Amino acid sequence: MSLRLDTPLEQVASAARAPATHLIGAGGLKLAADVWGDAESPPVLLLHGGGQTRHAWGGTGEALAASGGRAIALDMRGHGDSDWAADGDYAIDAYVADLIAVVDGLDRPPAVVGASLGGLTTLLAAGEAGCRLAAVVLVDCAPRLEEDSVARIIEFMRGGLDGFASLDEAADAIASYLPHRKRPDDLSGLAKNLRRRPDGRFRWHWDPRFVDGTRRPTASQQPDRLLRAAEQLRVPTMLVRGRMSDVVSEAGAAEFLEHAPQAEFVDVSGAGHMVAGDRNDAFTDAVAAFLNRHRR
């Protein structure tokens with residue numbers, strides 16, 4: 001089957017950005033996507049982490065296209081310009097169902113690069129649900145995550161539900177949460193992840209029910225399920241960890257590699273949980289090299 005595309009979205013960034021379109025998730029949910037590369041090239045899906053959008057990948061999409069792939073960065077359900085779930089279903093199985101639906105709409109099995117929530121979704125889709133993938137890259141996620149750090153992420157997300165008076169206020173909040181990362185002077189990238197509401201406040205561009213609803217993703221609380229999925233991986237797999245990560249420990253990475261001994265491992269120095277944002281060049285180089293070795 002060919003890639004199913006819908007009406008292009010209104011451009012919300014610069015004209016140099018890849019044109020936005022839609023792919024179709026479970027139940028017909030529209031998932032916004034940016035696409036780079038030739039339509040005949042092997043597809044690579046990029047799935048962001050919880051509370052992020054398709055813009056989280058920096059120059060990764062363009063670089064993967066330049067190395068011979070067709071990069072497709074998705075906004076996952078309830079995030080960015082994708083549909084919100086009418087029933088508030090943001091359980092991990094809903095994300096898995098979306099990924100399976102997207103894969104079924106592609107002309108060949110894609111490689112999937114998934115960060116955090118996107119990685120756990122990919123792990124379950126490939127190892128538990130038998131989704132047909134060409135390769136899997138897990139970005140700072142593993143079956144056993146550090147509970148205190150996950151709780152800190154949720155606390156940060158909930159702390160911004162009332163929004164911010166300005167982009168500068170939002171940037172200050174992020175700088176406090178990520179002290180290892182230099183606060184940007186140019187806030188245009190941040191603007192892609194916020195929307196100004198009628199009350200004048202800037203709010204994160206995702207459904208608040210993702211963190212405050214009754215059907216939230218809880219895969220991080222199911223390590224045994226995730227480890228069983230890891231044991232069933234049958235495609236080329238790589239785990240990319242941020243060496244400064246407080247979410248995936250060295251022990252957590254080692255445990256995953258024990259259950260998926262065929263997997264490759266890269267530990268990116270100078271990067272925390274947001275590996276692609278902290279060290280985009282090093283991250284992209286590692287992913288491109290891995291995909292090029294295993295490209296079908």
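Me: What is the bridge partner of leucine 45 in E5?
Reply: In this predicted model, leucine 45 has valine 112 of E5 as its bridge partner.

Me: How many bridges join E3 to E5, and do they run parallel or antiparallel?
Reply: Strand E3, residues 43–47, and strand E5, residues 111–115, are joined by 4 bridges, and the two strands run parallel.

Me: Which helix packs on the sheet touching E3, E5 and E6?
Reply: Helix H3, residues 117–127, packs there and touches E3, E5 and strand E6 (135–139). The direction of H3 makes about 135° with that of E5.

Me: And what does H11 touch?
Reply: Helix H11, residues 280–294, also packs on the sheet, where it touches E3, E5, E6, strand E9 (237–242) and E10. Its direction makes about 160° with that of E6.

Me: Now the whole sheet: what is the strand order?
Reply: The open sheet consists of 8 strands in the order E1-E2-E4-E3-E5-E6-E9-E10, with mixed pairing.

Me: Why is one side of E1 and of E10 left without a neighbour?
Reply: Strand E1 (20–24) and strand E10 (264–268) stand at the edges and each has a single partner strand, so one side of each lacks a neighbour in the sheet. From one strand to the next, the twist averages 25°.

Me: Changing topic: how do the axes of H2 and H3 cross?
Reply: The axes of helix H2, residues 92–104, and H3 come within 9 Å and cross at roughly 70°. The two helices are therefore roughly perpendicular.

Me: Which residues make that contact?
Reply: H2 contributes Ile92, Tyr95, Val96 and Leu99, while H3 contributes Leu117, Leu120, Thr121, Thr122, Leu124 and Ala125.

Me: How many are nonpolar, polar or charged?
Reply: The contact of H2 with H3 has 8 nonpolar residues, 2 polar and no charged.

Note on methods: Residues numbered from 1 in each chain as written. Predicted model: local features only at pLDDT ≥ 70, side-chain atom pairs only at ≥ 80, totals over all residues. Heavy atoms only, no water. Pairing = 2+ DSSP bridges. Axes fitted to C-alpha atoms, helices over the stretch in contact; angles between N-to-C directions. Contact = heavy atoms within 4.5 Å. Parallel < 35°, antiparallel > 145°, perpendicular 65-115°, else oblique. Nonpolar A, V, L, I, M, F, W, Y, C, P; charged D, E, K, R; others polar.
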